[in-house]
Amino acid sequence: MNYNEIVKRLTPKEKRMENAVKAFIAGGVMGAASEILVSTFGIDTMYIFWIVLASLLTGMGIADTIVDFLRMGVIIPITGFAHSMTASALEYREEGLITGIGANFMKLAGSVILYGMISAFILVLLRRLLWLL
Amino acid sequence: MIIKSFLFTGAVCLIAQIIKDNTRLTSGHITSLFVSIGALLGFFGLYDKIIDCVGGGARVVITSFGNTLYTTALEEGILNMLSGVSLGITTAIIMAFIITLVFRVKD
């Protein structure tokens, strides 16, 4: 067996396909469950349910296994936001309340809030300018 | 609506997974990118139509965060833009803090 064949055999091509299918199904199940939650309990309850669930699973140490398996299927919904916050807070817990938890709390979630706010800011300004014309 | 939610959320996660597997971007890059895309879809008035059509599935993905920021900024003023998403952020912060105090990292 020559080098090229080995490379071809070891390239994770099917794994990409598998990841994509898993992300699609996991995301789909989350979306369908959210729709059920919204129509039975309302929008706020849906958000609270997912955030509390994601934080609890992260605290119990189960979330990392789930994320490794389902990938973007659970990162792109709101659960990923809650997971990143709890995970970084837990990780730096030993370094103290201020320099540990406080300083690292928003490590990933902060960029979501920052770029969301900046995008909204720029787009609203743009919208207002277009109205003036 | 449930099937539409399944397909929409699944498709968004599928796109994210394809980007993740084929580029060097991390999940942090992709979530930030998707928030901006959500705000952009809100700017063109598309995201509210998607929510009307799809329902809960369109609200649970992170693109909805960007859209809510944009719509709230437009309706209630730019400096009040966080009021639309404050429920999610506040719940996440309080829960994360309580969980951090209660649990320890196991490794």
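This is a conversation about chain B of a predicted model and its contact with chain A.

Visitor: What should I know about the numbering and the confidence limits?
Guide: Residues are numbered from 1 along each chain as its sequence is written, and chains are lettered from A and ligands numbered from 1 in the order in which they are written. In this predicted model, local features need pLDDT of at least 70 and side-chain atom pairs count only at pLDDT 80 or more, while totals for chains, interfaces and linings use all residues.

Visitor: How many helices and strands are in chain B?
Guide: Chain B has six helices and zero strands; helices (H or I, at least four residues) and strands (E, at least two) are DSSP runs, numbered from the N terminus.

Visitor: What does its C-alpha trace span?
Guide: The C-alpha trace of chain B spans about 45 × 35 × 30 Å along its principal axes.

Visitor: Turning to the contact, how many residues does each chain give?
Guide: Chain A gives 61 residues and chain B 55 residues, where contact places C-beta atoms, built from the backbone, within 7 Å. H2(A) gives the most to the side of chain A that touches chain B, with 18 residues.

Visitor: And how do H8(A) and H5(B) pack?
Guide: Their axes, lines fitted to C-alpha atoms over the stretch in contact, are 9 Å apart, at an angle of about 40 degrees. The angle runs from 0 to 180 degrees between N-to-C directions. H8(A) and H5(B) are therefore oblique to each other (not under 35 degrees, roughly parallel; over 145, roughly antiparallel; or 65 to 115, roughly perpendicular).

Visitor: Which residues make that contact?
Guide: Among them are Val112(A) and Phe121(A) of H8(A), and Phe65(B) and Tyr70(B) of H5(B).

Methods
Contact = placed C-beta atoms within 7 Å.
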